[in-house]
Amino acid sequence: MGISRDSRHKRRATGGKKANLKKKRLYESGRPPAMTKIGATRVHTVRVRGGNEKFRAMRLDTGNFSWGTEVTTRKTRILDVVYNASNNELVRTKALVKGAIIQVDPTPFKAWYEQHYGVKVGVKKAQKKAAAEELAEKKVSNHVQRNHAERNKTRTLDPALDEAFASGRLLCCVSSRPGQSGRCDGYVLEGKELEFYTRQLKKRKQ
């Protein structure tokens, strides 16, 4: 029979049945979901309507993630799928879909932050003093020092994000469609959004 995207088989808003006056059409057909998993990159190309191509990601292990408040994007490793508002089954099977909340490796962001501000992030309280001394010993030019001083005037870092950096797992949301574009890109969760999803994850653990 195949997958059909028509609405003739559905009931009216009032609950009444509709008479089905025509058969299925090819342009109403659909395809099975990609259910992209975490693993070594494997992308299939699919020939679609109009001779165009879609990129069906079967497995992905990296993606480009944007850090909104710092206006920077880094390619990083995907570690795990932790939450999905639509279906818990997608978390159990670790499916990479749009809107999924995932954990990524924060190392590229930490490296960028240190280079941009001259400040180490994600350092545990006990090691903060040692990290500051280590940075002070690093030789940098006067020009770079001036840049760091200027940038640090407006620098703010969410404590919740700092904790995530320290834990080695950064929460991100997938905003691309891996089954359509063959990529798993997204953005780093911050502020109210990060608070909300952290609460949801704690609820799930209880």
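Contact here means that heavy atoms lie within 4.5 Å. The tour concerns a predicted model, and it opens at a histidine to which that definition applies.

**First stop: His148**

Select His148, which is found in helix H4, residues 142–152. Set aside its neighbours within four places in sequence, and His148 is in contact with Glu114, Gln115, His116, Tyr117 and Gly118. Is His148 buried or exposed? Its relative accessible area is 13%, and because buried means under 20%, His148 counts as buried.

**Second stop: helix H2**

Next, select residues 107–117, which make up helix H2. Color Phe109, Trp112, Tyr113, Glu114 and Tyr117 within this helix, as these residues are buried. Two of the names, Glu114 and Tyr117, will be familiar as contacts of His148. Then move to Gly118, just after H2, where phi is positive at about 70 degrees. Gly118 is also among the contacts of His148.

**Third stop: the aromatic cluster**

Show the side chains of Trp67, Phe109, Trp112, Tyr113, Tyr117 and Phe165, which form one aromatic cluster. How many aromatic pairs are there in the model? The count comes to nine, taking rings as paired if their centres lie within 6.5 Å.

For one such pair, keep Trp67 and Phe165 on display. The ring centres of Trp67 and Phe165 are 5.5 Å apart and the planes stand at 50 degrees, so this pair is classed as tilted. The pair links distant parts of the chain, with Trp67 in strand E6 and Phe165 in helix H5, 98 residues apart. Trp67 is buried, with a relative accessible area of 1%. Phe165 is likewise buried, and its relative accessible area is 1%.

**Fourth stop: strands E6, E7 and E8**

From Trp67, extend the selection to strand E6, residues 62–67, and add strand E7, residues 72–83. These two strands pair in the antiparallel sense over six bridges. To see the register, label Ser66, which stands opposite Thr73 in E7. E6 and E7 form a hairpin with four residues between them. In the turn, Val71 has a positive phi of about 50 degrees.

Now add strand E8, residues 101–104, which pairs with E7 in the antiparallel sense over four bridges. Here Val81 may be labelled together with Ile102 in E8, the residue it stands opposite.

**Fifth stop: the sheet E3-E5-E4**

Select the three strands that form an open sheet in the order E3-E5-E4, with mixed pairing. Its edge strands are E3 (37–38) and E4 (42–47), each of which pairs on one side only. E4 and strand E5, residues 53–60, run antiparallel and are joined by six bridges. Within this pairing, Thr45 has Phe55 in E5 as its bridge partner.

**Last stop: the largest pocket**

Finish at the largest pocket, whose volume is about 540 Å³. Which residues lie nearest its centre? Select Leu171, Leu194, Thr198, Leu201 and Lys202, which hold that position among the 18 residues of the lining. Helix H5 (159–167) and helix H7 (191–205) each supply at least two lining residues. The largest share, eight residues, comes from H7. Color the lining by class to display seven nonpolar, four polar and seven charged residues. Helix H5 has already been visited, since Phe165 of the tilted aromatic pair is in H5.

How values were computed. Residues are numbered from 1 along each chain as its sequence is written. This is a predicted model: local features need pLDDT of at least 70, side-chain atom pairs count only at pLDDT 80 or more; totals for chains, interfaces and linings use all residues. Side-chain values use heavy atoms; hydrogens and water are left out. On a 1 Å grid over the protein atoms alone, a cavity is a set of points where a 1.4 Å probe fits but cannot get out, and a pocket is an open set with protein on both sides within 12 Å along at least five of seven lines; lining residues have an atom within 4 Å of a point. Grid points are joined across faces, edges and corners, and a volume is the space filled by probe spheres set on the points. Ala, Val, Leu, Ile, Met, Phe, Trp, Tyr, Cys and Pro count as nonpolar, Asp, Glu, Lys and Arg as charged, and the others, Gly among them, as polar. Two strands pair if DSSP finds at least two bridges between them. Buried means under 20% relative accessible area, exposed over 50%, partly exposed in between (1.4 Å probe, protein chains only). Rings of Phe, Tyr and Trp (its six-membered ring) pair if their centres lie within 6.5 Å; planes under 30 degrees apart count as stacked, over 60 as edge-to-face and the rest as tilted.
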